[in-house]
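Here's a quick briefing on what sits inside this fold, for anyone with the model open on screen. Have a look first, then read on.

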Amino acid sequence: MAATDECNAEPAAYVPVIDHARCEGKRDCVRVCPYDVFEVRRIDDADFDALSLLGRLKSRAHKRQTAYAVRADQCRACGQCLKACPEQAIKLRKVAP
């Protein structure tokens, strides 16, 4: 989805999907999201274990910090997170009706 295709989507019509192998936990998504969807915290063990060796090394280099869409049900698909993420680690996925 392009960054501004559905800026006025109903809450939870789209959900942010974060690629933890790419995310460096820089918090740009947290700063720009008008709906308070994101938080950055230590990567969950299961998500860390699912990373490739390179992904685990990168995660460790960034103190195992990554973004999570903890309030994904509040997302209105404004696309600000997509524009702000320097690693392009976020995609918006349409939720099936």
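Thr-66 and His-20 pair up through their side chains, with a polar contact at 2.9 Å. Keep in mind that this is a predicted model. From that pair, the notes below move on to the core, the cavities and a helix residue.

**Around Thr-66**
- Thr-66 belongs to strand S3, which runs over residues 65-68.
- Is Thr-66 buried or exposed? Its relative accessibility is 1%, so it counts as buried, the cut-off being under 20%.
- Setting aside residues up to four places away in sequence, Thr-66 touches Ile-18, His-20, Cys-23 and Gly-25, plus Glu-39, Val-40, Arg-41 and Ile-43.
- His-20, then, is both on that list of neighbours and the partner in the side-chain polar contact.

**The nonpolar core**
- The largest nonpolar core holds 18 residues, and the ones touching the most other members are Ile-18, Cys-29, Phe-38, Ala-67, Cys-81, Ile-90 and Leu-92.
- At least two residues of this core come from each of strand S1 (14-18), helix H4 (80-84) and strand S4 (90-94).
- Which residues does Cys-29 contact, leaving aside neighbours within four places in sequence? They are Phe-38, Ala-67, Cys-81 and Ile-90.
- Ile-18 turns up twice here: as one of the well-connected core members and among the residues that Thr-66 touches.

**Cavities**
- Counting those of 30 Å³ or more, there are 2 cavities.
- The largest cavity has a volume of about 80 Å³, and 14 residues line it.
- Nearest the centre of that largest cavity are Cys-23, Arg-27, Cys-29, Cys-85 and Glu-87.
- Its lining breaks down into 9 nonpolar, 1 polar and 4 charged residues.
- The second largest cavity comes to about 60 Å³, with a lining of 10 nonpolar, 1 polar and 1 charged residue.
- Residues lining the second largest cavity include Cys-33, Pro-34, Tyr-35, Val-37 and Phe-38, along with Cys-75, Cys-78, Cys-81 and Leu-92.
- Some names carry over from the core: Cys-29 lies by the centre of the largest cavity, while Phe-38, Cys-81 and Leu-92 help line the second largest.

**Asp-45 in helix H2**
- Asp-45 sits in helix H2, residues 45-50.
- With 49% relative accessibility, Asp-45 counts as partly exposed.
- Asp-45 and Val-70 are 25 residues apart in sequence, and their C-alpha atoms are 16 Å apart in space.

How values were computed: Residues numbered from 1 in each chain as written. Predicted model: local features only at pLDDT ≥ 70, side-chain atom pairs only at ≥ 80, totals over all residues. Heavy atoms only, no water. Helix = DSSP H or I, 4+ residues; strand = E, 2+ residues; numbered from the N terminus. Buried < 20%, exposed > 50% of the residue type's maximum accessible area, 1.4 Å probe, protein only. Polar contact = N/O pair within 3.5 Å; in protein donor to acceptor, adjacent residues only side chain to side chain. Contact = heavy atoms within 4.5 Å. 1 Å grid on protein atoms, 1.4 Å probe; cavity = no way out; pocket = protein on both sides within 12 Å on 5 of 7 lines; lining within 4 Å. Points joined across faces, edges and corners; volume = space filled by probe spheres on them. Nonpolar A, V, L, I, M, F, W, Y, C, P; charged D, E, K, R; others polar. Core = buried A, V, L, I, M, F, W, Y, C linked by side-chain atoms within 4.5 Å.
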